[in-house]
Amino acid sequence: MINGMWRVGCILLAIAVFAGAAAAQTVTLNGAGATFPFPLYSKWSQVYADERGVQINYQSIGSGGGIRQFMAKTVDFGASDGPMTDEQIAQAGGQVLHIPMVAGAVVPVYNVTGVGQGLNFAPDVLADIFLGRITKWNDPRLARLNPRANLPAADIVVVHRSDGSGTTAIWVNYLSKVSPMWKARVGEGTSVNWPTGLGGRGNEGVAGLVRQTPNTLGYIELAYALTNKMTFGNVRNKAGQFVRPSLSSTTKAMDGALRSIPDDFRVFFTNPDGKDAYPVAGFTWILINAEQTDSVKGKALVEFLWWAIHDGQKYAPTLLYAPLPKSLVTKVERTLKSVTYRGQAILQ
Amino acid sequence: MAVNDLAAARSSVRATGDRVFQLLLAAMAAGIPLIMGAMLVALIAAARPAIERFGFTFFVSSTWDPVAGEFGVLPFIYGTLVSSALALLISVPLGIGTAVFLSELAPSWLRSPIRFLVELLAAIPSVVYGLWGIFVLVPWVRVTLTPALKGTLGFLPLFAGPPLGIGMLTAGIILSVMVVPFIVAVSTEVMRTVPRMQREAALALGATGWETTRKAVIPYARSGIVGAIFLALARALGETMAVTMVIGNVPQIKASLLAPAYTVSAVIANEFAEATEDLYVSALVFAGLALLLVTVIVNVLARVLVSRVARGPSLIRE
């Protein structure tokens, strides 16, 4: 009996030691940050572990937390829906690279009795609604954009995110670009001092409020609006076209913004050029140090990111993320090639 | 001789054992003020940039603007206090009434199922309450309760504004449902401990059932009932998830209970994860410190109030 237990114990110990040794050989990359790309990153980590044997642990703790952990160097890479500020980069020490992975769009969702999909919104009208300057659904400025819609004489109930989020950052960045008054009065960030409206927690909170409350207008991620079959509107872009939000019109927005996207990619590419570009969209980035401090991990990280912007992109559309356009991938390749270990480029 | 030695040895073992036991318990009891103190120190340290920047104006300013870096916590404190007060206003009569029924009136076959249900109510996670709030309570408040209130008491500024279904009143209602089990469970338990003689004496003096409960049972159980209400208040002041899901999350001070509001714990939970700037983070920690202060002040005030009331006349003194 005791003998048997001994034997089992020894076998277990041997297995543990063996597994430990095996684990030590596989490279593990730890990352933390934005919740928005989490489904995609976990898919990538699954596929990549099978294909290349590299483990990627990703904690979706929010962009702010991701930036903080990246700055504290407790993770190998950070992830964020909003770029780091110059101050934060200075604090992080050394050069920080923002690698765009995919993009997401933010769409106006509404719940108005008798009004279906595809209400048209002009940028100035959206800004004035969110400023509380347009208060009725049948306001002439809104009615002129939607001559066929049967807009009621009801108050518009604005719904926004109450938690800090990249979705809000993209939305208010767009409003700041199209409305000088918004820029002066409210500004942009992951949380702002809203002039009007109710706050819902998370995409699900905003969606819940919009669904439940008549005459609401809010904003949520396109992916969330599509999977939950929400009623959402079109937004007029810089070229003057009313564009239906979709994955392809988001990718077109990146394409249209290409020339104005700086080499460090730290930009919200809202309100871009391009006839078919949907104007309210933004990147989600992975944050890495330009100079890696661990040769093995550094190499694994850069190779993973290279894979992500090429082979990894094909997983994006099924999970409702807009893949990077070819033109942009070339630009990101250059950035990845600039990553170094002891001054030597990691990718040759 | 040998017997004496043995007894001495045994008693010294016992003495040592007692001392170890005493020390152990003292250490455990000391743990609570230590944890409290450590929390306070950590909060003050993390809130220092905001304390230095805003000082006392933090408590009286109504601006919460992360973009401009201006922070004031007044509307949040207002929301926390008013929603908790509403919760107590609803849950105290309901809870004590239920407790009286369970301890004095209910037949025993009914008592345990009701107590089981009440305890179940306390075990439901707050996010589930929040979901129930969004899908059931909010529409009910918007469609049924608000028109009824407006129809009867609509002239009061308390019930002005559009019927959103979301806001202070809804938060108060959901909080009251969440804290009622605490009041019921503790109060029932305390009333059950009231000696039988106390009741029999009152009845023998010719008191009715109601008089017995009011003058013999409740005064006897008063401190326990007050304790139950404190527990409920503490839970209501700190509750985060369910409140943020139904209160509307707008930092404003409106007379109307139908208007959206915001609470301190809700803003911390909502904004902390994405706050990156140092001042912003420390303002959120400062808000946490403010909540701690408010909780302490409310508890002290309530205790003073209760000790005043407890000194009042009563038919039967313990």
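This passage looks at the contact between chains A and B, a small set of strands in chain A and one helix of chain B, all in a predicted model.

Where the chains meet, chain B puts in 23 residues and chain A puts in 30 residues. On the chain B side, strand E1 (64-65), helix H5 (126-153), helix H9 (241-246) and helix H10 (264-271) each bring at least two residues to the surface that touches chain A. The top contributor on that side is H5(B), with three residues. Sorted by class, the chain B side comes out as 14 nonpolar, six polar and three charged residues.

Turning to chain A, three strands line up as an open sheet in the order E5-E9-E10, with mixed pairing. Strand E5 (120-121) and strand E10 (242-243) of chain A sit at the edges; each has a single partner strand, so one side of each goes without a neighbour in the sheet. Strand E9 (residues 234-236) of chain A is joined to E10(A) by two bridges, and this pair runs antiparallel. Within that pairing, A:Arg236 has A:Phe242 of E10(A) as its bridge partner.

Back in chain B, helix H6 (residues 168-192) is 25 residues long and spans 35 Å from first C-alpha to last, close to the 36 Å expected at 1.5 Å a residue. The helix does have a kink, though: H6(B) bends by about 35° at B:Val179, shortly before the proline B:Pro181. H6(B) is also mostly covered, with 22 of its 25 residues buried.

Methods. Residues numbered from 1 in each chain as written. Chains lettered and ligands numbered in written order. Predicted model: local features only at pLDDT ≥ 70, side-chain atom pairs only at ≥ 80, totals over all residues. Contact = placed C-beta atoms within 7 Å. Helix = DSSP H or I, 4+ residues; strand = E, 2+ residues; numbered from the N terminus. Nonpolar A, V, L, I, M, F, W, Y, C, P; charged D, E, K, R; others polar. Pairing = 2+ DSSP bridges. Expected span 1.5 Å × (residues − 1). Bend = angle between axes of the 7 residues up to and from the residue. Buried ≥ 20, exposed ≤ 12 C-beta atoms within 10 Å, placed from the backbone.
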